[in-house]
Amino acid sequence: MKIYQLYTTDLLQSNVYQRAWERLSETEQRRVSEIQTKKQRLLSLGARILLQYALAKENILQYALEIGTHGKPFLKNRTLEFNLSHSQTSVVCVIAEEAVGIDIEEKTRTAPKQYEKIISKEEKQFLQESDHLDMDFLRIWTMKESFVKMQGERIFEKPKDIAMVQDMHLRTVWEEQNCFLQRYETTDYLICVCAKQNQFPKTITTLTQRDITKFLQLYE
């Protein structure tokens, strides 16, 4: 398993942006262009470039994507699994041999006022005793999101049934669901990966603008 992170601010330099744009197919360019806000267009472009980078590291330079029932993309005719997530100015991508999901949330987000409606009884008790409610809610939420994304489902169908607290501790394994969870933190973001394999890397590989530029030049 490998996890990569990219900051969209590193795409803003004109020559980098143009090279990244040219890496997209006509269909991808059209889809990105149809996104309304500049921020979301940049995140979409960043996600596509990060996936290309991650797959190139696995010697996959040509690939096709298909979309699952609930919108989860997967590689056509390949066993390798991937998942993407983005928040604010960051995109993350995870690559694994089996089903995997990832979620990222900015640390400045706060728990919704009616958060109790979307958490389990165990999670509610855990948060009631927390000294850092907002941060712990976000930790739980990234865990829920990553689990649902691994399953290829939609989180709002049953968020209260996805209990990420057991015996007043955040899960690292969910035996009944045959999955493992690993949380990561950066200065600005919380990240969680849920996977069928307990083979998480110790760190996330964060791409620099130099890494991105080198990749774009190498595969022009």
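# A guided tour from the α2–α3 pair to the salt bridges

Begin by selecting helix α2 (residues 26-33) and helix α3 (residues 38-56), which pack at an angle of about 150° with their axes 9 Å apart. Angles over 145 degrees count as roughly antiparallel, and α2 and α3 are therefore roughly antiparallel to each other. Display the side chains at the contact: α2 contributes Glu28, Arg31, Val32 and Ser33, while α3 contributes Arg41, Ser44, Arg48 and Gln52. By class, these residues comprise four charged, three polar and one nonpolar. Please keep in mind throughout that this is a predicted model.

**The four-stranded sheet beneath α3**

Keep α3 selected and add β1, β4 and β5: the helix lies across these three strands and runs at about 30° to β5. The strands belong to an open sheet of four, in the order β4-β5-β1-β12, with mixed pairing. The edge positions are held by β4 (81-87) and β12 (205-206), each with a single partner strand, so one side of each is left without a neighbour in the sheet.

Next, isolate the pair formed by strand β1 (residues 2-7) and strand β5 (residues 90-96). These strands run antiparallel and are joined by six bridges. To locate the register, select Lys2, which stands opposite Ile95 in β5.

**Two stops in the helical part**

Move to Arg23, in the loop between α1 (14-22) and α2. Is Arg23 buried or partly exposed? Its relative accessible area is 26%, so Arg23 is partly exposed. A distance label may be placed between the C-alpha atoms of Arg23 and Leu61: the separation is 11 Å, although the two residues are 38 residues apart along the chain.

Then select Thr213 in helix α6 (residues 209-218). Thr213 has a relative accessibility of 18% and therefore counts as buried. With its neighbours within four places in sequence set aside, Thr213 is in contact with Val16 and Arg19.

**The hairpins around β10**

Now select residues 173 to 195 to follow β9, β10 and β11. Strand β9 (residues 173-174) pairs with strand β10 (residues 179-185) in the antiparallel sense, over two bridges. Val173 has Phe180 as its bridge partner in β10. The hairpin of β9 and β10 has four residues between the strands, and in this hairpin Asn178 takes a positive phi near 55°.

Continue along β10 to its pairing with strand β11 (residues 189-195), where the two strands run antiparallel and six bridges join them. Within this pair, Tyr184 stands opposite Ile191 in β11. How many residues does the hairpin between β10 and β11 pass through? The hairpin joins β10 to β11 through three residues.

**The salt bridges**

The final part of the tour concerns charged side chains; a search of the whole structure finds nine salt bridges. Start from β10, which contains Glu185: this residue forms a salt bridge with Lys107, and the closest N and O atoms are 3.4 Å apart. Lys107 lies in the loop between β6 (100-106) and α4 (121-128), whereas Glu185 is in strand β10, so the pair ties together parts that are 78 residues apart in sequence. Both ends are partly exposed: Lys107 because its relative accessibility is 22%, and Glu185 because its relative accessibility is 43%. Add Asp136 and Arg139 to the selection to display a network of salt bridges that links them with Lys107 and Glu185.

Select Glu105 and Arg109 next; their side chains meet in a salt bridge at 2.5 Å, N to O. Glu105 has a relative accessibility of 7% and so counts as buried, whereas Arg109, at 40%, counts as partly exposed.

Finish at Lys144 and Glu123, which form a salt bridge whose closest N and O atoms are 2.9 Å apart. This pair links distant parts of the chain, with Lys144 in helix α5 (residues 133-151) and Glu123 in helix α4, 21 residues apart. Are these two residues buried or exposed? Both Lys144 and Glu123 are buried.

Methods
Residues are numbered from 1 along each chain as its sequence is written. This is a predicted model: local features need pLDDT of at least 70, side-chain atom pairs count only at pLDDT 80 or more; totals for chains, interfaces and linings use all residues. Side-chain values use heavy atoms; hydrogens and water are left out. Two strands pair if DSSP finds at least two bridges between them. Axes are lines fitted to C-alpha atoms, for helices over the stretch in contact, and angles run from 0 to 180 degrees between N-to-C directions. Angles under 35 degrees count as roughly parallel, over 145 as roughly antiparallel, 65 to 115 as roughly perpendicular and the rest as oblique. Contact means heavy atoms within 4.5 Å. Ala, Val, Leu, Ile, Met, Phe, Trp, Tyr, Cys and Pro count as nonpolar, Asp, Glu, Lys and Arg as charged, and the others, Gly among them, as polar. A salt bridge is a side-chain nitrogen of Lys or Arg within 4 Å of a carboxyl oxygen of Asp or Glu. Buried means under 20% relative accessible area, exposed over 50%, partly exposed in between (1.4 Å probe, protein chains only).
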